[in-house]
Structure formats: C-alpha cells, structure tokens
Amino acid sequence: MKMEEQNKAIGKNLCKIRKIRRFTQKQLGEKVGTTAATIGNYERGDRYIPGYLIHGLAQALDVPDQFISDCIPSDIRRKDIVK
C-alpha cells in the first residue's frame with residue numbers, strides 16, 4: 001500500500017472513531033495538543049500522522065492504537081467501543 005493510501009485509510013479510521021466518540025476536531029486537537037485544522041488534515045490523509053501521535057490520539061479516544069493505525073470493522077458502532 002502506498003503512503004498516500006495508508007494516510008487516507010488511517011485518516012478515515014481516525015474520523016470515524018472521533019465521530020463515534022462525539023468529539024469535534026477542535027476537542028480532539030485540544031486533547032492531543034494540536035489544532036482542529038491539523039486533525040482535519042490527518043483525517044483527509046493530507047498529512048502523515050507520526051507514530052507517537054497515533055498513540056496519543058488512541059488514548060484520547062480510548063481505543064487501541066490498532067483501531068487508528070490498522071483497520072477497524074466497517075460496521076463498528078458507538079456501542080462497540082463505549083465503556
């Protein structure tokens with residue numbers, strides 16, 4: 001998989017989980033020390049997400065790192081990841 005495709009796949013995962021968790025881009029950015037614009041760039045796959053930030057995003061969203069960096073089930077729902 002090319003880097004651009006991988007960035008887009010990771011971005012889609014991030015966006016889906018963020019929406020399930022009902023965070024805005026601004027709220028998530030504040031939790032990890034970045035801006036809403038940067039979160040938007042990550043979600044669109046326009047920017048590479050550094051590994052350390054994938055971990056920070058996963059912690060902020062309370063999901064395993066793999067949900068962001070690898071793949072998540074296409075039918076995942078809020079009830080699947082709510083404590």
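User: Does N13 count as buried or exposed, and at what relative accessibility?

Analyst: Burial is read from relative accessible area, and under 20% means buried. In this predicted model, N13 has 9% relative accessibility, so N13 counts as buried.

User: Where in the chain is N13 placed?

Analyst: N13 is part of helix α1, which covers residues 3-20.

User: Which backbone oxygen lies 3.2 Å from a polar atom of the N13 side chain?

Analyst: For a polar contact, look for a pair of N or O atoms within 3.5 Å. Here the partner is the backbone oxygen of I68, at 3.2 Å from a polar side-chain atom of N13.

User: How many helices and strands are in the chain?

Analyst: The chain holds six helices and zero strands. Read from the N terminus, the order is α-α-α-α-α-α.

User: What percentage of the residues in the chain is buried?

Analyst: Of the 83 residues, 37% are buried. The chain exposes about 5300 Å², with 51% of that area supplied by carbon and sulfur atoms.

User: What share of the contacts with a separation of 6 or more joins residues 24 or more positions apart?

Analyst: That share is 61% in this chain.

User: Which elements have the highest and lowest mean pLDDT?

Analyst: Where pLDDT is low, the predicted coordinates should not be read in detail. Helix α2 (residues 25-32) has the highest mean among the elements, 98, and helix α6 (residues 78-81) the lowest, 61. Over the chain, pLDDT averages 87, and 83% of the residues score at least 70.

How values were computed: Residues numbered from 1 in each chain as written. Predicted model: local features only at pLDDT ≥ 70, side-chain atom pairs only at ≥ 80, totals over all residues. Heavy atoms only, no water. Helix = DSSP H or I, 4+ residues; strand = E, 2+ residues; numbered from the N terminus. Buried < 20%, exposed > 50% of the residue type's maximum accessible area, 1.4 Å probe, protein only. Contact = heavy atoms within 4.5 Å. Areas by Shrake-Rupley, 256 points an atom, 1.4 Å probe, with all protein chains shown as cover. Polar contact = N/O pair within 3.5 Å; in protein donor to acceptor, adjacent residues only side chain to side chain. pLDDT = per-residue confidence, 0-100.
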